[in-house]
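Colleague: I am new to reading protein models. Could we go through one together, asking each time how a label was earned?

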Amino acid sequence: MNILSAVPPADLIARGREMAFEARRADPAADSISTPRAAIIDAWTRRLRVSVDGAWTKRLVPNVEAWCNRRHGELEFHMTQVMSGHGCFGTYLQRIRKEATSSCHHCVCLVDDAAHTLLECPAWDAERAAMNATIKAQLRADNFSESSWAARSAGKPWLSFVGAS
């Protein structure tokens, strides 16, 4: 799943180039026919919709086109871990056999994943409150992408919350 990098899968890029080539072959007099990006994004969106992989990331990035066309918010190490769920979360650490259980190290929750850390774990209440104050809203999965960019531009709340997790 390449959604975080906003780079469509190679087979869709290849199909887009094939479509552009076919269009140029059909009308050689046309000035220039660009790669049909909208068709690539549409095919990618349909593929992601039926995929069982990346459920957490798909919750955070519900609109592929908007995500790929954003003009702000470059990803860095901690943001990538949170958005992919591949960080210091019990479920991920258990899956890669670094932990025996998926439980949270900070509370009694038996399932520690990115959603638990970001949205529920009482150990991060102060950091979550700082984020909520910065974004002037309750942090949720469906507003995380935009909220996190707002908090990052404000500085400390983003770093203390996600950098600490």
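Modeller: Gladly. Buried residues make up 38% of the 165 residues in the protein chain. Keep in mind that this is a predicted model.

Colleague: What helices and strands does the protein chain have?

Modeller: The chain has ten helices and zero strands. Along the sequence the pattern reads α-α-α-α-α-α-α-α-α-α.

Colleague: And what about the surface and the contacts?

Modeller: The accessible surface comes to about 9,800 Å². Carbon and sulfur atoms hold 54% of that surface. Among contacts with a separation of 6 or more, 52% join residues 24 or more positions apart.

Colleague: Now one helix. How do you know that the span of helix α2 agrees with its 14 residues?

Modeller: Helix α2 covers residues 37–50. At 1.5 Å a residue, its 14 residues should span 20 Å. The C-alpha atoms at its ends are 20 Å apart, so the two values agree.

Colleague: Which residues of α2 are buried?

Modeller: They are I40, I41, A43, W44, T45 and L48. The cover over the buried residues of α2 includes α1 (10–26), α3 (55–60) and α4 (64–68).

Colleague: What describes a pair of packed helices?

Modeller: Two values do: the angle between the axes and the distance between them. For α1 and α2, the axes come within 9 Å and cross at roughly 145°. The crossing is right-handed.

Colleague: Which residues make the contact between α1 and α2?

Modeller: From α1 come D11, L12, I13, G16 and M19. From α2 come A39, I40, A43, W44 and R47. The residues of this contact divide into seven nonpolar, one polar and two charged.

Colleague: D11 is in that list. Why is D11 called partly exposed?

Modeller: D11 has a relative accessible area of 43%. Buried means under 20% and exposed means over 50%. The value for D11 lies in between, so D11 is partly exposed. D11 is found in helix α1. D11 and I40 are 29 residues apart in sequence, and their C-alpha atoms are 9.7 Å apart.

Colleague: What makes A14 count as partly exposed?

Modeller: A14 has 44% relative accessibility. That is not under 20% and not over 50%, so A14 counts as partly exposed. A14 also lies in helix α1. The C-alpha atoms of A14 and I40 are separated by 9.5 Å, with their positions 26 residues apart along the chain.

Colleague: Let us move on to A114. Why is A114 called buried?

Modeller: The relative accessible area of A114 is 4%. The cut-off for buried is under 20%, so A114 is buried. A114 lies in helix α7.

Colleague: What is A114 in contact with, leaving aside neighbours within four places in sequence?

Modeller: A114 is in contact with W56, V82, G85 and F89. As for T57, it is 57 residues from A114 along the chain, and their C-alpha atoms are separated by 9.9 Å.

Colleague: How do you know that Q81 is buried?

Modeller: Q81 has a relative accessible area of 17%. That is under 20%, so Q81 is buried. Q81 has its place in helix α5, residues 77–84. Leaving aside neighbours within four places in sequence, Q81 is in contact with H86, G87 and F89.

Colleague: Now backbone angles. What sign of phi do most residues other than glycine have?

Modeller: Most of them have a negative phi. A6 has a positive value, near 60°, and A6 is not glycine. R97 has a positive phi of about 65°, and R97 is not a glycine either.

Colleague: Where does A6 lie, and what makes it buried?

Modeller: A6 lies in the segment before α1. Its relative accessible area is 16%. The value is under 20%, so A6 is buried.

Colleague: And R97: why is R97 called exposed?

Modeller: R97 has a relative accessible area of 76%. Exposed means over 50%, so R97 is exposed. R97 lies in the loop between α6 (90–95) and α7 (114–120).

Key:
Residues are numbered from 1 along each chain as its sequence is written. This is a predicted model: local features need pLDDT of at least 70, side-chain atom pairs count only at pLDDT 80 or more; totals for chains, interfaces and linings use all residues. Side-chain values use heavy atoms; hydrogens and water are left out. Helices (H or I, at least four residues) and strands (E, at least two) are DSSP runs, numbered from the N terminus. The expected span of a helix is 1.5 Å times one less than its number of residues. Buried means under 20% relative accessible area, exposed over 50%, partly exposed in between (1.4 Å probe, protein chains only). Contact means heavy atoms within 4.5 Å. Accessible areas come from the Shrake-Rupley method with a 1.4 Å probe; for residues, only the protein chains shown count as cover. Axes are lines fitted to C-alpha atoms, for helices over the stretch in contact, and angles run from 0 to 180 degrees between N-to-C directions. A crossing is left-handed if the near helix is turned anticlockwise from the far one by less than a right angle, and right-handed if clockwise. Ala, Val, Leu, Ile, Met, Phe, Trp, Tyr, Cys and Pro count as nonpolar, Asp, Glu, Lys and Arg as charged, and the others, Gly among them, as polar.
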